[in-house]
Amino acid sequence: MTATIIGVVGLVVIFALSMWRGVSMGAIALFAAFALGTFYFGMKTDDVSAQFPTNLLVTLVGVTFFFGLARANGTVARVVDAAVGLTRGRAWALPWVFFILAAIITGSGALSAATNAILVPVGLAFASRYRISPLLMGLSILNGTNAGGFSPIAVYFSIVNGVLVKSGVTVDPMAIFIGTFVFNLVLNLVAFFLLGGRGLLARRGGGGAQTTGAEVPAGRAHTVTTAPAGTGGTATTEASTPAKESWNWQNHLTLVLFLAILALGLFAKLDVGYLALGSAVLLGLIAPQYVKDGMDAIGWGVVLLIGGIVTYVGVLQKAGVVDTLANGITGIGSVLVASLLIMYVAGIVSAFASTNAMFGVLVPIAAPLLLGGQLPLVGFVLALSIAASAVDSSPFSTGGALVVANTEEDKRDKTFKGLMTWGMSMTAIVPLIVWLLFLVGRV
């Protein structure tokens, strides 16, 4: 129990020191993982280092490098121009387009990390162009990913169902899919109206796109759009409008590479991070004048931040601290209280570590209660699935980290804080909500 207390207190200290002195939270967490793992848990340094999420590093570096080059050579701007026809310039519809795309892709069997890596950079480009909160756009994609994440062929459901089957439990897949989809749809509706949806709906003329000189490739029309304070409307002033520049061969190559990343990541199950990194290297070799801009787009600070926190929690998992917490919960006399604590453990740990790991740990622990009929099967699986996945909007998750890394630099801190607030709110509120909705009154 002492190890559990030290591990949890250590996490609190990491946050406190970072907020107090402004030192990178990731750097503090990395050292804390080494110190605690080596001197207290008796781990080898290699075991501590093994907890660092190298796949996350490759994904963040590869995707942000590739899309940094795509922005620099004008491809992103041209794709945005072409795709905006889907909504006829209605800014309010864009977050929902990406919500649906994320749900479809993940629901088709793609890894959530792959879906986020593909959609987040493009979605954030739309958000920048149409003055949509990057937080709203990012959450729409993350919520959409979770909405499709529990379809009968999705990865999340496959993990949960596999663990249940090994424990002798079977569950209706459609009930889980419909329940999780509806919950995430409602959750995104809440986010939409909290984060500027009313203003988007109120915009006159439907669009409200804004570009600046830095965002408009050479030869493009420059339109400046402003909104009077306190209104949702827009006032547009046309500057000089040269002829619209057509796609060049570099834009076509970049688009082909993006589609290849999409196809190989979704259908061949190849790692999106490495595919994006290789594509970025190829673009850089062909057009080295854009390499500096591409490198500048890589969110190295985000890599350190997320990598450090995930490594620290990974050390706690390897040391058995997480298992100790979960096992202690099931020893509580009241089944309802025990189930509520399980929801909170799932939410809290998933906010910093692997959601998949949480399913693997907590579902077997709860299996005896499910087999004995003490907990409603569908209700418990729904509650646990939502509690563990809703916090994927935390900036410490792969999806959350991608949102921060792909946000414009001047808005990055605000977006990080917004994701932190939203993610921690999900950790505090969602476990209680799903417990009340799916468990209370059914036990």
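Ser394 is buried, with a relative accessible area of 0%. That's in a predicted model, where Ser394 sits in the loop running between α19 (377-389) and α20 (398-405). Away from this serine, there are 2 salt bridges to look at: Lys292 with Asp296, and Lys411 with Glu408.

**Around Ser394**

- Ser394 counts as buried because its relative accessible area is 0%, and the cut-off for buried is under 20%.
- The Ser394 side chain gets to within 3.0 Å of a backbone atom, namely the nitrogen of Phe396.
- Once you set aside neighbours within four places in sequence, Ser394 still touches Ala351, Gly400, Leu419, Gly423 and Met424.
- One of those contacts, Gly400, falls in the residue range of α20 (398-405).

**The Lys292–Asp296 salt bridge**

- Lys292 pairs up with Asp296, and their closest N and O atoms are 3.0 Å apart.
- Both residues belong to helix α14 (residues 291-296), and because they are 4 residues apart there, about one helical turn separates them.
- Lys292 is exposed, at 58% relative accessibility.

**The Lys411–Glu408 salt bridge**

- Here the side chains of Lys411 and Glu408 meet at 3.4 Å, N to O.
- Lys411 is partly exposed, with 32% relative accessibility.
- Glu408 is partly exposed too, its relative accessible area being 31%.

Methods
Residues are numbered from 1 along each chain as its sequence is written. This is a predicted model: local features need pLDDT of at least 70, side-chain atom pairs count only at pLDDT 80 or more; totals for chains, interfaces and linings use all residues. Side-chain values use heavy atoms; hydrogens and water are left out. A salt bridge is a side-chain nitrogen of Lys or Arg within 4 Å of a carboxyl oxygen of Asp or Glu. Helices (H or I, at least four residues) and strands (E, at least two) are DSSP runs, numbered from the N terminus. Buried means under 20% relative accessible area, exposed over 50%, partly exposed in between (1.4 Å probe, protein chains only). A polar contact is a pair of N or O atoms within 3.5 Å; within protein, one must be able to donate a hydrogen and the other to accept it, and residues adjacent in sequence count only if both atoms are side-chain atoms. Contact means heavy atoms within 4.5 Å.
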